[in-house]
Amino acid sequence: MPDRSSRLHVAAGPPLRGEALLPGDKSVSHRALLLAAVADGSTAIHGLSSSIDVSRTLGCLLALGVPIARATDETLRVEGRGPRGLAGPPVTLDCGDSGTTMRLLAGLLAGQDRAFRLEAHAGLAGRPMERVVAPLTAMGARIRATEGRPPLTGEGGGLHGAEHALRLASAQVGSAILLAALNAEGATTVVYPAPVRDHTERLLAAMGAPVRWDGRVSRLDGPVAGLRPPADGRLTVPGDLSGAAFLLAAAALVPGSDIRLAGVGLNPGRTGILDILEAMGAPVAISGWRVEGGEPVGDLRLQAPPGGGLVAATVRGDLVPRAIDELPLLAVLATQARGLTRLQGAAELRVKETDRLAVMAEALGRMGADIRLRDDGWEIQGPTPLRGGAHLDGQGDHRVVMALAVAGLVAEGRTVIDGAERVADSFPGFVTALQGLGASVTVAAGLAASAAASAAPAPAAP
Ligand code: S3P
């Protein structure tokens, strides 16, 4: 059990300098495991995320009978069971607090000849699931949520293709549909209201699936006879841009900072934070562009803006889904930026691990920020000095804890944040990475073990 009492202690300090290690991209890691599990043959996944969320997907696949073993310190080998190879007796799976695990597995299992029950821990139990249940039902799936929320129960098989015009710009929903489409008769189309991360489409294409997409519309012709492991049976997961974002924001805020992050995934559906940093006066230099596992990858460098510091920005429209997980950081940056920063059209933040609009407004308000909460965003007037001394609660939300830690780096005095152990949900090495850059961050007993485990690749598989 995680130790709910572990805390981060953060204080302002010297400029951040040097290079930090990132975990493997969380979104790509979930998809790499799921698709490797239904490929024809063996896939070696290199650099899988060591996050707790990804370990949930791994655990579910082991429970479904997929052979997964550690090949080297950095590599896991997944023995694919074929497109319909997750069939079997009824099974109950623990998705923990990982929404991606539950929503993507719902899609994959909808096409497998097997009854299933997907269970959630407290942090996921209240999150909306109708968004995947409705489109999967339209494909013939027999799947039910419990008053729109977890647990999900279902019986796989009997799917047909369908056209889906999504109301939400959600990669999880689109991906659940495409994973179901692998075993559906006929064409399935997903029309997104705005571009989102297209990791699933890229990986499906790399594994030979008949998928086409243009950023707004994705189409897969099912059923798919077989998925081949990517070229040479090896899949490299890029570094996690969403983890990198906390370090980049910290460097943008602390004067004199100069940091480098190598091998970061730069999927165009994820790079909104880079656009935001540039608009606020802290551009990220990208070098060494390359493609790994079908994903664009580059090396990043951020030097804190000299002189005048950050300026306010307006974030709305297509930029919102492209920065969805980084928006808590926008609030922190805005408190130190000259002018009025506006976030609009981001009501989705209310149904993440917490209501991130309300939780960030409350915590930053307590630190002295001038932040007004709107139905679908914030208005933040800056710059305002932030006060440490406040004892803050991350509310069990990994991205809130990390965003508040970044705020603590520019606050007066010491900031204490409860729930520090939750950073391991996505970025177990967060504290180590910040410390390595010279930040004054410490962790009370309880998180030390997971922080020290930052370099560990994937959770142990039997
Ligand atoms: C994710 C998509 C996003 C994001 C989440 C991961 C994914 O969620 O917030 O952290 O891996 O597909 P939505 O699809 O709900 O926007």
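User: How do residues sort into nonpolar, charged and polar here?

Analyst: This is a predicted model. Ala, Val, Leu, Ile, Met, Phe, Trp, Tyr, Cys and Pro count as nonpolar. Asp, Glu, Lys and Arg count as charged. The others, Gly among them, count as polar.

User: How many charged residues are in the lining of the second largest cavity?

Analyst: This cavity holds about 30 Å³ of space. Gly13, Pro14, Leu16, Val254, Leu409, Ala439 and Ser440 line it. Gly13 and Ser440 fall in the polar class. By class, the lining has five nonpolar and two polar residues, and the number of charged ones is none.

User: How many cavities of 30 Å³ or more are there, and how much space lies in the largest?

Analyst: The count at 30 Å³ or more comes to two cavities. The space in the largest cavity is about 50 Å³.

User: Which residues of the largest cavity's lining are charged?

Analyst: The lining includes Tyr192, Val196, Trp213 and Val217, which are nonpolar. Gly215 and Ser218 also line this cavity, and both are polar. The lining divides into four nonpolar, two polar and four charged residues. The charged ones are Arg197, Asp198, Glu201 and Arg216.

User: Which strands are the edges of the sheet ordered β2-β15-β17-β16?

Analyst: This open sheet has four strands and mixed pairing. An edge strand pairs on one side only. The edges are β2 (17–20) and β16 (284–292).

User: By how many degrees are neighbouring strands of that sheet turned against each other on average?

Analyst: The angle ignores strand direction. The average is 15 degrees.

User: Which residue of β17 stands opposite alanine 285?

Analyst: β16 and β17 (residues 295–303) run antiparallel, joined by seven bridges. Alanine 285 lies within β16 (284–292). Its opposite in β17 is arginine 301.

User: In the sheet ordered β18-β19-β21-β20, what is the bridge partner of isoleucine 371?

Analyst: This is an open sheet of four strands with mixed pairing. Its edge strands are β18 (314–315) and β20 (370–374). β20 pairs with β21 (residues 377–382) in the antiparallel sense, over five bridges. In β21, the partner of isoleucine 371 is isoleucine 380.

User: Which helix packs on this sheet, and what angle does its direction make with that of β21?

Analyst: The helix is α11 (residues 327–335). α11 touches β18, β19 (339–343), β20 and β21. Its direction makes an angle with that of β21 of about 25 degrees.

Conventions
Residues numbered from 1 in each chain as written. Predicted model: local features only at pLDDT ≥ 70, side-chain atom pairs only at ≥ 80, totals over all residues. Heavy atoms only, no water. Pairing = 2+ DSSP bridges. Helix = DSSP H or I, 4+ residues; strand = E, 2+ residues; numbered from the N terminus. Axes fitted to C-alpha atoms, helices over the stretch in contact; angles between N-to-C directions. Contact = heavy atoms within 4.5 Å. 1 Å grid on protein atoms, 1.4 Å probe; cavity = no way out; pocket = protein on both sides within 12 Å on 5 of 7 lines; lining within 4 Å. Points joined across faces, edges and corners; volume = space filled by probe spheres on them.
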